[in-house]
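Open the model and keep the sequence at hand. The tour below goes from a pocket to the elements around it.

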Amino acid sequence: MINTDAIFSISSENEFNKIALKVFKFQFENNPVYRSFCDLLYIHPSDVKTVEEIPFLPIQFFKSHKVLSSQSPIEDTFSSSGTTGSITSKHYVTDVSIYEQSFRKGFQNFYGNIKDYTILALLPNYLERKGSSLIYMVNDMIQQSQQPDSGFYLNDLDALKTKLCALASEEKKVLLIGVSFALLDLVELHQFNLNNTIVMETGGMKGRRKELVREELHTILKSGFGVSKIHSEYGMTELLSQAYSLGDGIFKCPNWMRILTRDPEDALTIQNGNKTGGINVIDLANVNSCSFIATQDLGRIRDNATFEIIGRFDSSDIRGCNLMVL
């Protein structure tokens, strides 16, 4: 077993690398899907000496397989959003307390005590379906804030406008977290001047609007909300940790999470420097599932272990991973 307290206590790159290699060995031995994937690549833990040599499981496997490294009963199942009839990802979670520890500690590292904030959530498309890991996280944040005004807003944008203005007049610290299209809907109806409010977008037009590049989206939102920066959250159904951007689309991970980029033409090659490539995520909190995931996002590593998301692969299949389908 892996000690999760050690995962959340990581304080150096050396510590991270040591625990990542331990988690890889544990998941190789206990995750049948990941083991089959590694076997297909002829990669064994005895051959892996660095984090860069660890195989990253294509994220599509969460659509077709139970990706589990634990025999414990499943406590919750998170599922991705999808169009009608499409196959969604399923993340089977055997210990929800690890997820809670990850997002609580992650938020505190970036923003401080949750009790200092009134949490207002504008996540209509997530609220309208079951199994959203984002809703689970934000609902917990609302409860943990212990602020009477914290809560979800579905489609009542006028009520949200009234609440935001009232809290602004009282100079309360507010976190407004919302999906991109809903935040755009709000600023098209109302203009704000929110000095003490953090506006955080979670991405995604979900087919409700034309996709915008992040700079264009943030320019519109900054003007509409009267704020100097738009914050962002980077997470996904298949992960148990989130990276945050405190502005300008530059993300940073908590200490138990890392981003690497792979060569877009060769999925097994990890890139050095700040080249654009496919985003690979190491999420050590995902110890009971798979901590090493090749996503469909394109991005670039920047200085000081920060990164930016540039877009997504055009094809639903990650190029170079054809041979990796079990």
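How do the residues of the lining of the second largest pocket divide into nonpolar, polar and charged? In this predicted model, the lining has 12 nonpolar, 7 polar and 4 charged residues. The volume of this second largest pocket is about 410 Å³. Its lining counts 23 residues, and the closest to the centre are Glu-13, Arg-258, Ile-259, Leu-260 and Ala-305. Three elements give two or more residues each: helix 2 (13-30), strand 11 (257-263) and strand 15 (306-312). Strand 11 supplies the largest share, 5 residues.

Take strand 15 next. Strand 14 (residues 292-301) pairs with strand 15 in the antiparallel sense over 5 bridges. One bridge links Gly-299 to Ile-309 in strand 15. The two strands, 14 and 15, form a hairpin, with 4 residues between them. Asn-304 sits in the turn and has a positive phi of about 55 degrees. Strand 10 (residues 251-252) also pairs with strand 15, in the antiparallel sense, over 2 bridges. Here Phe-251 has Phe-307 in strand 15 as its bridge partner.

Now turn to helix 2. The axes of helix 2 and helix 3 (residues 32-40) come within 6 Å and cross at roughly 100 degrees. The two helices, 2 and 3, are therefore roughly perpendicular to each other. From helix 2, Phe-24, Gln-27, Phe-28 and Asn-30 take part in the contact. They meet Pro-32, Tyr-34, Arg-35, Cys-38 and Asp-39 in helix 3. By class, this contact of helix 2 with helix 3 has 5 nonpolar, 2 polar and 2 charged residues.

Methods: Residues numbered from 1 in each chain as written. Predicted model: local features only at pLDDT ≥ 70, side-chain atom pairs only at ≥ 80, totals over all residues. Heavy atoms only, no water. 1 Å grid on protein atoms, 1.4 Å probe; cavity = no way out; pocket = protein on both sides within 12 Å on 5 of 7 lines; lining within 4 Å. Points joined across faces, edges and corners; volume = space filled by probe spheres on them. Nonpolar A, V, L, I, M, F, W, Y, C, P; charged D, E, K, R; others polar. Axes fitted to C-alpha atoms, helices over the stretch in contact; angles between N-to-C directions. Parallel < 35°, antiparallel > 145°, perpendicular 65-115°, else oblique. Contact = heavy atoms within 4.5 Å. Pairing = 2+ DSSP bridges.
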